[in-house]
Amino acid sequence: MNTNTPTNPRPQLETLACVNERCELYGQKGQNNLSVRKTYGKDAIRYVHCDCCGAEFSERKNTALWNTKVSEDKALAVADHLAEGCSLKATARLAKVHPSVVRRLNGKVGRHAEAFHAERVQELDVAALEADERHGYAHDKSQPQWEAEVIDPLSKFVVSHVQGRRDEALIRRLLEDAAGRLAHPQRLVLFTDGEASYASLFPEIFGQAYRPSRHGDRGRFPDLRYRIPRTLAHVQIVKHREGQRVVAVDIRYAHGSQRCVQQVLDQLGYTTPNTSAIERRNGTARRMSAHQVRRSLAFARRDDTKVALGWWGLTVYNWCRPHRSLRLPLAEAEGKKSSGLGPRPWRWASRTTRGPFAMSCSRQSSRREVRDNLT
């Protein structure tokens, strides 16, 4: 039995669940089916036993820190610095670890964040979406690596995130991924820029497919066509520039009725169609990733490094940071000089109920809770 004193307080056993998919209590917390068999390591990590199925596993199983040798304090510091826009080398200097440790942890938290997003972001009920792309590079400027995202302007929640070359295939992946995460994909208004791929792919991905009747008994059947319901619309905001300045903005109602668009605008509090939410998100994302900073030579050496940073930054933005633009009523009235509106620490890397990686974040959690859910 290892009797090392833990440097960080361990989470309560009631917050853990069995990770054996064949167990009857798989993924169910607070069932009193877990017991500690031993502890190991400087952080006194517990090796737990499930009384229901007999499986034994580390409490780090299915977390971002699974099979990680670095201490939790340093792992937290690495994740903190990466989410604040530090480069991998700068993070290694600040956290006092080897750059290979930062690269490995970056890949782990990136895959962890992507799996968490795929599990949790399902059956969303939204009235509007905004889509846009932001340029970036991998290796050098001859190899562009764009990031494309879809955001809900009402909640500022990023629904979909893809990376790759800016072409029709990237836009298709983005829209198909977003449509697959919606509960009602034919009840929304999509706001985009003037990219032609949005207008051509929107009816196919969001519309209702039908096949016209064939005239006569011979010949091939007509190709599929797509019908746009009255509850579905697509608006393009086309910006005309002279150099770096926007001199004019055209609003194109590409698909659907303007009445549907106006109803959504009233709900959002907008007077005219715009993509302000995704534009602000683009600026925030560039500050959260060293490889997205404009006019920078800090290119990612590998594509997977940039992809992992993108997913980690997205997860911190969605689940861990309070959005000042959101207006929520307080449970208890507070004075004008309230100190409860300041930034709060975030929480990352706890378990999901399935898959090789796991994560659960809260915008209102302490650093102690961060450690509890990391390990």
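Which elements each supply at least two residues of the lining of the largest cavity? In this predicted model, they are β7 (146-152), α7 and α8 (303-319). The views below start with that cavity.

**Figure 1. Lining of the largest cavity, with a volume of about 60 Å³.** The count of cavities of 30 Å³ or more comes to one. Its lining includes Glu147 and Glu149, and β7 spans residues 146-152. Arg281, Ala285 and Met288 are also among the lining residues, and α7 covers residues 276-288. Leu309, Gly310, Gly313 and Leu314 line the cavity as well; α8, which runs over residues 303-319, gives the most to this lining, with four residues. The lining is completed by Arg134, His161 and Ser289. By residue class, the lining divides into four nonpolar, four polar and four charged residues.

**Figure 2. The second largest pocket, holding about 460 Å³ of space.** This pocket is lined by 20 residues, and the closest to its centre are Asp132, Glu133, Arg241, Glu279 and Asn282. The elements that give two or more residues to the lining are β4 (128-134), β12 (232-242) and α7 (276-288). The largest share, five residues, comes from α7. In terms of residue class, the lining of this pocket divides into 10 charged, five polar and five nonpolar residues.

**Figure 3. Helix α7 at the two sites.** α7 supplies at least two residues of the lining of the largest cavity. In the second largest pocket, α7 contributes five residues, the largest share of that lining. Glu279 and Asn282 are among the residues closest to the centre of the pocket, while Arg281 and Ala285 are among those that line the cavity.

**Figure 4. Crossing of helix α2 (residues 88-95) and helix α3 (residues 99-120).** Two packed helices are described by the angle between their axes and the distance between the axes. Here the axes of α2 and α3 come within 8 Å and cross at roughly 115°. Angles of 65 to 115 degrees count as roughly perpendicular, and α2 and α3 are therefore roughly perpendicular to each other. The crossing of α2 and α3 is right-handed. On α2, the contact is made by Leu88, Thr91 and Ala92, and on α3 by Pro99, Val102 and Arg103. The residues of this contact divide into four nonpolar, one polar and one charged.

Terms used
Residues numbered from 1 in each chain as written. Predicted model: local features only at pLDDT ≥ 70, side-chain atom pairs only at ≥ 80, totals over all residues. Heavy atoms only, no water. 1 Å grid on protein atoms, 1.4 Å probe; cavity = no way out; pocket = protein on both sides within 12 Å on 5 of 7 lines; lining within 4 Å. Points joined across faces, edges and corners; volume = space filled by probe spheres on them. Nonpolar A, V, L, I, M, F, W, Y, C, P; charged D, E, K, R; others polar. Axes fitted to C-alpha atoms, helices over the stretch in contact; angles between N-to-C directions. Parallel < 35°, antiparallel > 145°, perpendicular 65-115°, else oblique. Left-handed = near helix turned anticlockwise from the far one by under 90°. Contact = heavy atoms within 4.5 Å.
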